[in-house]
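Me: I am new to this structure and would be grateful for a guided introduction. Please show it to me before we begin.

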Amino acid sequence: MSISPDISIRHAELRDAVGLRDMHAHPDVYKGTMQLPFPPDDRWKPRLEALPHGSINLVADAKGVIVGHASLIANPKALRRKHAAGLGMAIHHQWQRQGIATEMLRLLIDAADNWLDFRRLELDVFADNLGAIRLYEKFGFELEGRHKAHSFRNGSYVDVLTMARLRNL
Ligand SMILES: CC(C)(COP(=O)(O)OP(=O)(O)OC[C@H]1O[C@@H](n2cnc3c(N)ncnc32)[C@H](O)[C@@H]1OP(=O)(O)O)[C@@H](O)C(=O)NCCC(=O)NCCS
């Protein structure tokens, strides 16, 4: 599936902080992440400013509206983990199931494999987030472990799975 021609995928900039806040403020988005309801205006600016060197932080921009966010977070200070990066992503509630996450993940993995030489991509995902797990499996992520009652979400404790994609180790 190709994504809408109205969407451009580009690096996140400080000016995207409000758009990221707005996108993550919807329950159908934050329920799959570690974000909270009612995010304040200043939720994203410090995160954008503190991005570790070597990370890639992409947004999907639909004519000025942020409709997707996907990051590879490097570990530049952990000298023995330079081969590893953490992955996170979310898509605007009105733009899900339109191939945006697939395209953003494809671009991140191309950068990881062919430009940054990250050989281990790792992520956490709620154990009942079957759509996200299916997406990650399509890109070669495998289950590594389960953290029981890892997080509190909408009134109950939920398990989190760790998954990773390894290349040429
Ligand atoms: C999970 C998420 C990132 C998927 O983004 P998306 O743009 O909707 O995904 P895509 O359209 O690229 O879908 C790719 C594949 O993932 C799987 N998938 C995605 N959402 C799914 C769903 N709700 N149910 C079942 N499968 C799903 C399917 O295999 C799909 O392929 P298909 O449409 O050909 O069947 C998005 O639903 C989201 O942002 N959810 C809220 C935040 C979140 O959970 N983030 C992940 C944190 S680990």
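Me: In what order do the seven strands form the open sheet?
Reply: This is a predicted model, in which local features need pLDDT of at least 70, side-chain atom pairs count only at pLDDT 80 or more, and totals for chains, interfaces and linings use all residues. Residues are numbered from 1 along each chain as its sequence is written, and side-chain values use heavy atoms, without hydrogens and water. Strands (E, at least two residues) and helices (H or I, at least four) are DSSP runs numbered from the N terminus, and two strands pair if DSSP finds at least two bridges between them. The pairing is mixed, and the order is S1-S2-S3-S4-S5-S7-S6.

Me: Which are the edge strands?
Reply: An edge strand here pairs on one side only. The two are strand S1 (7-11) and strand S6 (142-153).

Me: Which residue in S7 is the bridge partner of Ser151?
Reply: S6 and strand S7 (residues 156-166) pair in the antiparallel sense over eight bridges. In S7, the partner of Ser151 is Val158.

Me: Which strands does helix H5 touch?
Reply: Helix H5 (residues 130-138) packs on the sheet, where contact means heavy atoms within 4.5 Å. The strands touched by H5 are S4, S5 and S7.

Me: Why are the buried residues of H1 on the same side?
Reply: Buried means under 20% relative accessible area (1.4 Å probe, protein chains only). In helix H1 (residues 17-24), the buried residues are Ala17, Leu20, Arg21, Met23 and His24. They lie on the same side of H1 because the arc they cover around the axis, taken from the directions from the helix axis to the C-beta atoms, is only 165°.

Definitions and conventions:
Axes are lines fitted to C-alpha atoms, for helices over the stretch in contact, and angles run from 0 to 180 degrees between N-to-C directions. Buried means under 20% relative accessible area, exposed over 50%, partly exposed in between (1.4 Å probe, protein chains only).
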